[in-house]
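User: I am new to reading protein structures and would like to understand the words used for them. Could you take me through this one step by step?

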Amino acid sequence: MDKERIILGIDPGTQIMGYGVLRVLNNKPQLITMGVIQLSKYDDHYLKLRRIFERVLALVEEYLPDELAIEAPFFGKNVQSMLKLGRAQGVAMAAALSRDIPIFEYAPLKIKMSITGNGKAAKEQVAYMLQQYLKIPDESMLPQLDATDGLAAAVCHFFQTNNPTQEKKFNSWKDFINQNPNKVKGDK
(Lines give C-alpha, C1' and ligand atoms only; values in the text may rest on other atoms or scores of the structure.)
Protein backbone atom coordinates (compact mmCIF):
# COMPACT_ATOMS: atom_id res chain seq x y z
CA MET A 1 0.00 0.00 0.00
CA ASP A 2 1.47 3.32 -1.08
CA LYS A 3 1.57 6.19 1.31
CA GLU A 4 -0.47 9.24 0.55
CA ARG A 5 1.27 12.33 -0.76
CA ILE A 6 -0.04 15.80 -1.42
CA ILE A 7 1.27 17.98 -4.25
CA LEU A 8 0.64 21.73 -4.34
CA GLY A 9 0.91 23.14 -7.86
CA ILE A 10 1.32 26.85 -8.52
CA ASP A 11 1.07 28.99 -11.63
CA PRO A 12 2.74 32.22 -10.49
CA GLY A 13 1.29 35.52 -11.59
CA THR A 14 1.28 39.15 -10.54
CA GLN A 15 -2.41 39.73 -11.35
CA ILE A 16 -3.81 36.24 -10.73
CA MET A 17 -1.93 33.32 -9.21
CA GLY A 18 -3.42 29.88 -9.83
CA TYR A 19 -3.07 26.86 -7.58
CA GLY A 20 -4.17 23.26 -7.44
CA VAL A 21 -3.83 20.65 -4.73
CA LEU A 22 -3.56 17.02 -5.72
CA ARG A 23 -3.79 13.95 -3.47
CA VAL A 24 -1.96 10.86 -4.67
CA LEU A 25 -3.09 7.65 -2.99
CA ASN A 26 -2.12 4.20 -4.28
CA ASN A 27 -0.54 5.93 -7.27
CA LYS A 28 -3.89 7.49 -8.25
CA PRO A 29 -4.16 11.29 -8.36
CA GLN A 30 -7.32 13.09 -7.30
CA LEU A 31 -8.18 16.76 -7.06
CA ILE A 32 -8.49 18.19 -3.56
CA THR A 33 -8.99 21.82 -4.57
CA MET A 34 -7.98 24.48 -7.05
CA GLY A 35 -8.37 28.20 -7.08
CA VAL A 36 -6.87 31.58 -7.71
CA ILE A 37 -5.35 34.33 -5.65
CA GLN A 38 -6.59 37.69 -6.96
CA LEU A 39 -3.81 40.25 -6.87
CA SER A 40 -5.06 42.92 -9.29
CA LYS A 41 -6.68 44.93 -6.47
CA TYR A 42 -3.23 45.73 -5.08
CA ASP A 43 -1.49 48.67 -6.76
CA ASP A 44 1.80 48.23 -4.95
CA HIS A 45 3.96 45.37 -6.26
CA TYR A 46 5.39 44.74 -2.78
CA LEU A 47 1.90 44.35 -1.32
CA LYS A 48 1.21 41.77 -4.04
CA LEU A 49 4.35 39.87 -3.04
CA ARG A 50 3.31 39.96 0.60
CA ARG A 51 -0.15 38.65 -0.31
CA ILE A 52 1.37 35.83 -2.39
CA PHE A 53 3.58 34.82 0.54
CA GLU A 54 0.67 34.90 3.01
CA ARG A 55 -1.74 32.96 0.77
CA VAL A 56 0.80 30.30 -0.26
CA LEU A 57 1.75 29.86 3.39
CA ALA A 58 -1.95 29.50 4.27
CA LEU A 59 -2.36 26.84 1.54
CA VAL A 60 0.70 25.02 2.87
CA GLU A 61 -0.64 25.10 6.43
CA GLU A 62 -4.14 23.99 5.36
CA TYR A 63 -3.26 21.15 2.97
CA LEU A 64 0.21 20.15 4.30
CA PRO A 65 1.71 19.35 0.88
CA ASP A 66 4.69 17.02 0.62
CA GLU A 67 5.96 18.80 -2.49
CA LEU A 68 5.50 22.04 -4.40
CA ALA A 69 5.43 21.99 -8.20
CA ILE A 70 5.71 25.45 -9.70
CA GLU A 71 5.77 26.79 -13.23
CA ALA A 72 9.08 28.44 -14.10
CA PRO A 73 8.89 31.91 -15.60
CA PHE A 74 9.36 31.83 -19.36
CA PHE A 75 11.53 34.24 -21.28
CA GLY A 76 9.33 36.99 -22.64
CA LYS A 77 10.07 40.18 -24.48
CA ASN A 78 9.17 42.44 -21.57
CA VAL A 79 12.00 42.31 -19.04
CA GLN A 80 10.01 44.18 -16.35
CA SER A 81 7.14 41.70 -16.56
CA MET A 82 9.55 38.79 -16.37
CA LEU A 83 11.27 40.29 -13.34
CA LYS A 84 7.94 40.78 -11.54
CA LEU A 85 6.85 37.24 -12.42
CA GLY A 86 10.17 35.88 -11.14
CA ARG A 87 9.68 37.73 -7.87
CA ALA A 88 6.15 36.31 -7.53
CA GLN A 89 7.52 32.83 -8.13
CA GLY A 90 10.35 33.40 -5.65
CA VAL A 91 8.00 34.57 -2.91
CA ALA A 92 5.76 31.53 -3.42
CA MET A 93 8.84 29.31 -3.23
CA ALA A 94 10.03 31.09 -0.07
CA ALA A 95 6.67 30.36 1.60
CA ALA A 96 7.09 26.64 0.85
CA LEU A 97 10.75 26.66 1.86
CA SER A 98 9.82 28.24 5.20
CA ARG A 99 7.99 24.96 5.94
CA ASP A 100 10.72 22.70 4.48
CA ILE A 101 8.69 21.65 1.45
CA PRO A 102 10.78 20.48 -1.51
CA ILE A 103 10.26 22.48 -4.70
CA PHE A 104 10.16 21.24 -8.27
CA GLU A 105 10.17 23.69 -11.16
CA TYR A 106 8.76 22.92 -14.59
CA ALA A 107 8.89 24.96 -17.78
CA PRO A 108 5.48 25.88 -19.25
CA LEU A 109 6.30 23.81 -22.35
CA LYS A 110 7.03 20.73 -20.19
CA ILE A 111 3.78 21.12 -18.25
CA LYS A 112 1.65 21.49 -21.38
CA MET A 113 3.46 18.59 -23.04
CA SER A 114 2.88 16.28 -20.07
CA ILE A 115 -0.84 17.13 -19.88
CA THR A 116 -1.82 17.38 -23.56
CA GLY A 117 1.08 15.91 -25.53
CA ASN A 118 1.54 19.33 -27.14
CA GLY A 119 3.95 21.89 -25.67
CA LYS A 120 2.13 24.69 -27.46
CA ALA A 121 -1.35 23.72 -26.26
CA ALA A 122 -3.81 26.47 -25.34
CA LYS A 123 -4.85 26.95 -21.70
CA GLU A 124 -8.33 25.69 -22.65
CA GLN A 125 -6.87 22.41 -23.93
CA VAL A 126 -4.91 21.94 -20.70
CA ALA A 127 -8.06 22.59 -18.65
CA TYR A 128 -10.08 20.14 -20.75
CA MET A 129 -7.49 17.36 -20.47
CA LEU A 130 -7.21 17.85 -16.70
CA GLN A 131 -10.99 17.75 -16.37
CA GLN A 132 -11.11 14.45 -18.28
CA TYR A 133 -8.10 12.89 -16.54
CA LEU A 134 -9.15 13.80 -12.99
CA LYS A 135 -12.90 13.44 -13.69
CA ILE A 136 -13.66 16.96 -12.48
CA PRO A 137 -17.36 17.83 -12.74
CA ASP A 138 -18.25 20.87 -14.89
CA GLU A 139 -19.51 22.83 -11.86
CA SER A 140 -16.09 22.46 -10.18
CA MET A 141 -14.24 24.01 -13.12
CA LEU A 142 -13.32 27.65 -12.59
CA PRO A 143 -13.58 30.37 -15.25
CA GLN A 144 -10.01 31.49 -14.49
CA LEU A 145 -7.66 29.17 -16.37
CA ASP A 146 -4.87 30.13 -13.97
CA ALA A 147 -6.41 27.63 -11.53
CA THR A 148 -6.09 24.74 -13.99
CA ASP A 149 -2.59 25.94 -14.88
CA GLY A 150 -1.64 25.60 -11.20
CA LEU A 151 -3.24 22.17 -11.10
CA ALA A 152 -1.38 21.26 -14.31
CA ALA A 153 1.95 21.91 -12.54
CA ALA A 154 0.93 19.43 -9.81
CA VAL A 155 -0.22 16.79 -12.32
CA CYS A 156 2.97 17.26 -14.37
CA HIS A 157 5.00 16.64 -11.21
CA PHE A 158 2.93 13.53 -10.48
CA PHE A 159 3.69 12.22 -13.98
CA GLN A 160 7.40 13.03 -13.67
CA THR A 161 7.82 11.39 -10.27
CA ASN A 162 5.69 8.32 -11.05
CA ASN A 163 7.62 7.37 -14.15
CA PRO A 164 9.13 3.95 -13.36
CA THR A 165 11.88 4.40 -15.95
CA GLN A 166 13.05 7.45 -14.03
CA GLU A 167 14.09 5.40 -11.01
CA LYS A 168 17.24 3.99 -12.63
CA LYS A 169 19.53 6.47 -14.28
CA PHE A 170 22.53 5.40 -16.28
CA ASN A 171 25.45 7.57 -17.31
CA SER A 172 26.64 5.29 -20.11
CA TRP A 173 26.12 1.88 -21.75
CA LYS A 174 28.91 0.54 -19.53
CA ASP A 175 27.01 1.78 -16.46
CA PHE A 176 23.82 0.08 -17.73
CA ILE A 177 25.64 -3.22 -18.39
CA ASN A 178 27.28 -3.16 -14.95
CA GLN A 179 23.90 -2.64 -13.26
CA ASN A 180 22.04 -5.13 -15.49
CA PRO A 181 24.36 -8.09 -16.23
CA ASN A 182 21.32 -10.39 -16.68
CA LYS A 183 20.13 -8.31 -19.65
CA VAL A 184 23.31 -8.74 -21.66
CA LYS A 185 23.80 -11.78 -23.86
CA GLY A 186 27.40 -12.81 -24.24
CA ASP A 187 29.16 -14.57 -27.13
CA LYS A 188 29.06 -18.23 -26.15
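**Contacts, helices and their crossings**

Analyst: Of the contacts in the chain with a separation of 6 or more, 61% are between residues 24 or more positions apart. Please keep in mind that this is a predicted model. The chain has 6 helices and 5 strands, and from the N terminus its elements follow the order β-β-β-α-β-α-β-α-α-α-α.

User: Why are α4 and α5 called oblique to each other?

Analyst: Helix α4 (residues 123-134) and helix α5 (residues 145-161) pack at an angle of about 60°, with their axes 9 Å apart. Angles under 35 degrees count as roughly parallel, over 145 as roughly antiparallel and 65 to 115 as roughly perpendicular, and the rest are oblique; the angle of about 60° is in none of the named ranges, and α4 and α5 are therefore oblique. Their crossing is left-handed.

User: What makes up the contact of α4 with α5, counted as nonpolar, polar and charged?

Analyst: Residues of α4 including Val126, Ala127 and Leu130 meet residues of α5, among them Leu151, Ala152 and Val155. The residues of this contact of α4 with α5 comprise 11 nonpolar, 1 polar and 4 charged.

User: How do you know which way α1 and α2 cross, right-handed or left-handed?

Analyst: The crossing of α1 and α2 is right-handed, and the axes of helix α1 (residues 45-63) and helix α2 (residues 79-97) come within 8 Å, crossing at roughly 30°. Among the residues in the contact are Leu49, Ile52 and Phe53 of α1 and Ala88, Val91 and Ala92 of α2.

Note on methods: Residues are numbered from 1 along each chain as its sequence is written. This is a predicted model: local features need pLDDT of at least 70, side-chain atom pairs count only at pLDDT 80 or more; totals for chains, interfaces and linings use all residues. Side-chain values use heavy atoms; hydrogens and water are left out. Axes are lines fitted to C-alpha atoms, for helices over the stretch in contact, and angles run from 0 to 180 degrees between N-to-C directions. Helices (H or I, at least four residues) and strands (E, at least two) are DSSP runs, numbered from the N terminus. A crossing is left-handed if the near helix is turned anticlockwise from the far one by less than a right angle, and right-handed if clockwise. Contact means heavy atoms within 4.5 Å. Ala, Val, Leu, Ile, Met, Phe, Trp, Tyr, Cys and Pro count as nonpolar, Asp, Glu, Lys and Arg as charged, and the others, Gly among them, as polar.
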